[in-house]
Amino acid sequence: MAVQGQELTDDAAVAEAAGLTVTLVQGDEANHKLTTPQDWQRLSSPFTPVQTRIGQGYDVHCLIEDEQRPLMLCGVQVPSPLALKGHSDADVALHALVDAILGAIGEGDIGEHFPPSDNRWKDCESSAFVAEALRLLKARAGQVVNADVTIIAQTPKLSAHKLAMRQRVAELLEVDASQVNIKATTTEGLGFTGRKEGIAAQAVVSVQMKGE
Ligand code: MG
């Protein structure tokens, strides 16, 4: 647009030509221009709502006397004369974690995906179950926001292993260790965990995924 022989290329130039003072401020790439219906159409995809979801998981495995069988918790081998009984490596904490992920994305439970009747999972490392749950999450353009795991065990003592567990779970979930928390507690000698008959685990996972 030309006014009095002056080429005015934008509204700031128009304002200046009208004698107004124009002040420049730092822009923001997230501040999109929304003028025409086409602008809205073009930008609607990035504005697809992102859902934040949570899932919870719970699992129990029997403790047995087996010095040959490693006791696996959160993907970490914990020295112990007792081991967990199970078809896979019986990592009760990772099983709770997998159920929490599956719960968050509406994918049923670990038994549906990895039935104990299937020999493919015999003595299988439970990290493989986490990898599959993560694959299902990624298929929904999802990612883990945070995971919080509680291991309920009278024995063995777990405090010395919690950091390694945190790092291993973060690695499996492809997140930073700050997004993972591992807690261990006893039941003060009460119940099956207190009698050292088994170990229980609970997990809560929050995920962000594409809205459906
Ligand atoms: Mg289990």
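Which residues does L97 touch, not counting residues up to four places away in sequence? The close-ups below start at the metal and work round to that contact set; bear in mind that this is a predicted model.

**View 1. The magnesium ion and the residues that hold it.** Here the magnesium ion is coordinated by D59 through OD, H61 through NE2 and H95 through ND1, at 2.1 to 2.3 Å. Read along the chain, the donor residues follow the spacing D-x1-H-x33-H. D59 sits in strand β3 (residues 50-65) and H95 in helix α3 (residues 92-104), so the pair links distant parts of the chain, 36 residues apart. With a relative accessible area of 18%, D59 counts as buried because that is under 20%. H95 is buried too, at a relative accessible area of 6%.

**View 2. The open sheet, strand by strand.** Five strands line up as β6-β3-β9-β7-β8, with mixed pairing. At the edges are β6 (82-84) and β8 (180-185), each of which pairs on one side only. On average, and ignoring direction, neighbouring strands of this sheet are turned by 20° against each other.

**View 3. Strand β3 and its two partners.** Zooming in on β3, 13 bridges tie this strand to β9 (residues 198-210), and the two run antiparallel. Pick G57 and you'll find A203 as its bridge partner in β9. The pairing of β3 with β6 is antiparallel as well, with three bridges. Over there, L63 stands opposite L84 in β6.

**View 4. Strands β7 and β8, with a helix packed on the sheet.** Strand β7 (residues 143-152) runs parallel to β8, and six bridges join them. One pair to look for is V149 and its bridge partner in β8, I182. Helix α6 (residues 162-173) packs on the sheet, touching both β7 and β8. The direction of α6 makes about 140° with that of β8.

**View 5. Inside the largest nonpolar core.** This core has 50 residues, and those with the most contacts inside it are L73, L97, I151, M165, L173 and I199. Helix α3 gives the most to the core, with 10 residues. Back to the opening question, then: leaving out residues up to four places away in sequence, L97 touches V130, A147, V149, V169, L173, A203 and V205. Some of these have turned up already: V149 is the residue bridged to I182, and A203 is the bridge partner of G57.

Conventions:
Residues are numbered from 1 along each chain as its sequence is written. This is a predicted model: local features need pLDDT of at least 70, side-chain atom pairs count only at pLDDT 80 or more; totals for chains, interfaces and linings use all residues. Side-chain values use heavy atoms; hydrogens and water are left out. Donors are N, O and S atoms within 2.8 Å of the metal (3.2 Å for Na, K and Ca); water is not among the atoms, so sites may look incomplete. Helices (H or I, at least four residues) and strands (E, at least two) are DSSP runs, numbered from the N terminus. Buried means under 20% relative accessible area, exposed over 50%, partly exposed in between (1.4 Å probe, protein chains only). Two strands pair if DSSP finds at least two bridges between them. Axes are lines fitted to C-alpha atoms, for helices over the stretch in contact, and angles run from 0 to 180 degrees between N-to-C directions. Contact means heavy atoms within 4.5 Å. A nonpolar core is a set of buried Ala, Val, Leu, Ile, Met, Phe, Trp, Tyr and Cys residues joined through side-chain atoms within 4.5 Å.
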